[in-house]
Amino acid sequence: MSMSAAVEQVVLEAQRQLVQGEWDPARADLVLVRETALALAAAVGPADVQAKSARIDRLAGLREALAVLAVTVARTHGRLAWFLAQCSSELAPVLHWRALEAPEGGSFGAVLPDEEEFADAEEAIRSLTAMLARTGPGRTA
């Protein structure tokens, strides 16, 4: 399963929980959600811009997005932490990517992703960002 499809499944589950009232984020969590959405949007820009960026810049943005998620998970607990941790887990392959050629055996197992893999990971971040941006007081994802 692609990263974007896996993250979309997690997003759909979160939306279901929000709509059905199973998950009612606290105001502090909603502030954190907004901050996270803004940081993710800054890390992984629009598709048309990213597609023209250098591989190393695209990988840096994806890694920054994972760092944003990790920091957010560290700052919260409960369903928000579980939700974002699962999204992070689905994006874990990014941690095994490299943007540069490596001498034989010198890459610690890191691999060069292809264009489709980059686009898929970026789309997963955009999907998560959109869901977080829609979530707020009196609103459902």
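In the predicted model, G21 adopts a positive phi of about 80° immediately after helix α1. The helix that precedes this glycine, α1, comprises residues 3-19. Its 17 residues extend 24 Å from the first C-alpha to the last, close to the 24 Å expected at 1.5 Å a residue. The buried residues of α1 are M3, S4, A6, V7, V10, V11, A14, Q15, Q17 and L18. Helices α5 and α6 are among the elements that cover them.

V7 illustrates the environment of α1, the helix in which this residue lies. V7 counts as buried because its relative accessibility is 0%, where the limit for burial is under 20%. Apart from residues up to four places away in sequence, V7 touches C87, E90, L91, A124 and L128. The C-alpha atoms of V7 and S127 are separated by 7.6 Å, although the two residues are 120 residues apart along the chain.

Helix α2 spans residues 27-43 and contains 17 residues. From its first C-alpha to its last, α2 reaches 24 Å, close to the 24 Å expected at 1.5 Å a residue. Within α2, the residues D29, L30, L32, V33, T36, A37, L40 and A43 are buried. Viewed down the axis of α2, these buried residues fall within an arc of 155°, and they therefore line one face of the helix. This arrangement may be read alongside a general property of helices. An α-helix has 3.6 residues a turn, so residues three or four places apart point the same way. On the other side of α2, the residues R27, A28, L38 and A42 are exposed. The cover over the buried residues of α2 includes α4 (55-74), α5 (78-90) and α6 (115-134).

Helix α4 has 20 residues and reaches 29 Å from its first C-alpha to its last, close to the 28 Å expected at 1.5 Å a residue. Its buried residues are R58, L59, G61, L62, A65, L66, V68, L69 and T72. These residues pack against α2, α3 (47-50), α5 and α6.

Two residues of α4 differ in their accessibility. T72 is found in this helix and counts as buried because its relative accessibility is 4%. Leaving aside neighbours within four places in sequence, T72 is in contact with L32, T36 and L84. Two of these partners, L32 and T36, are themselves among the buried residues of α2. D57 is also located in α4, but this residue counts as partly exposed because its relative accessibility is 47%. D57 and W82 are 25 residues apart in sequence, and their C-alpha atoms are 29 Å apart in space.

The packing of α4 with α6 was examined next. The two helices pack at an angle of about 35°, with their axes 11 Å apart, and α4 passes α6 in a left-handed crossing. On the side of α4, the contact is made by R55, R58, L59, L62, A65 and L69. On the side of α6, the contact is made by E115, F118, A119, A121, E122, I125 and L128. Classified by residue type, the contact has nine nonpolar, no polar and four charged residues. Several of the contributing residues of α4, including R58, L59 and L62, are listed among the buried residues of that helix.

Helix α6 also contains T129, which is buried because its relative accessible area is 11%. With residues up to four places away in sequence not counted, T129 touches A37, L40 and A41. A37 and L40 are among the buried residues of α2, and α6 is one of the helices that cover the buried residues of α2.

A buried residue also occurs outside the helices. A99 lies in the loop between α5 and α6 and is buried because its relative accessible area is 17%, which is under the 20% limit. Leaving aside neighbours within four places in sequence, A99 is in contact with R55, I56, L59 and L112. Of these partners, R55 and L59 also take part in the contact of α4 with α6. The C-alpha atoms of A99 and A85 are separated by 25 Å, and the two residues are 14 residues apart along the chain.

Methods. Residues are numbered from 1 along each chain as its sequence is written. This is a predicted model: local features need pLDDT of at least 70, side-chain atom pairs count only at pLDDT 80 or more; totals for chains, interfaces and linings use all residues. Side-chain values use heavy atoms; hydrogens and water are left out. Helices (H or I, at least four residues) and strands (E, at least two) are DSSP runs, numbered from the N terminus. The expected span of a helix is 1.5 Å times one less than its number of residues. Buried means under 20% relative accessible area, exposed over 50%, partly exposed in between (1.4 Å probe, protein chains only). The arc is that of the directions from the helix axis to the C-beta atoms. Contact means heavy atoms within 4.5 Å. Axes are lines fitted to C-alpha atoms, for helices over the stretch in contact, and angles run from 0 to 180 degrees between N-to-C directions. A crossing is left-handed if the near helix is turned anticlockwise from the far one by less than a right angle, and right-handed if clockwise. Ala, Val, Leu, Ile, Met, Phe, Trp, Tyr, Cys and Pro count as nonpolar, Asp, Glu, Lys and Arg as charged, and the others, Gly among them, as polar.
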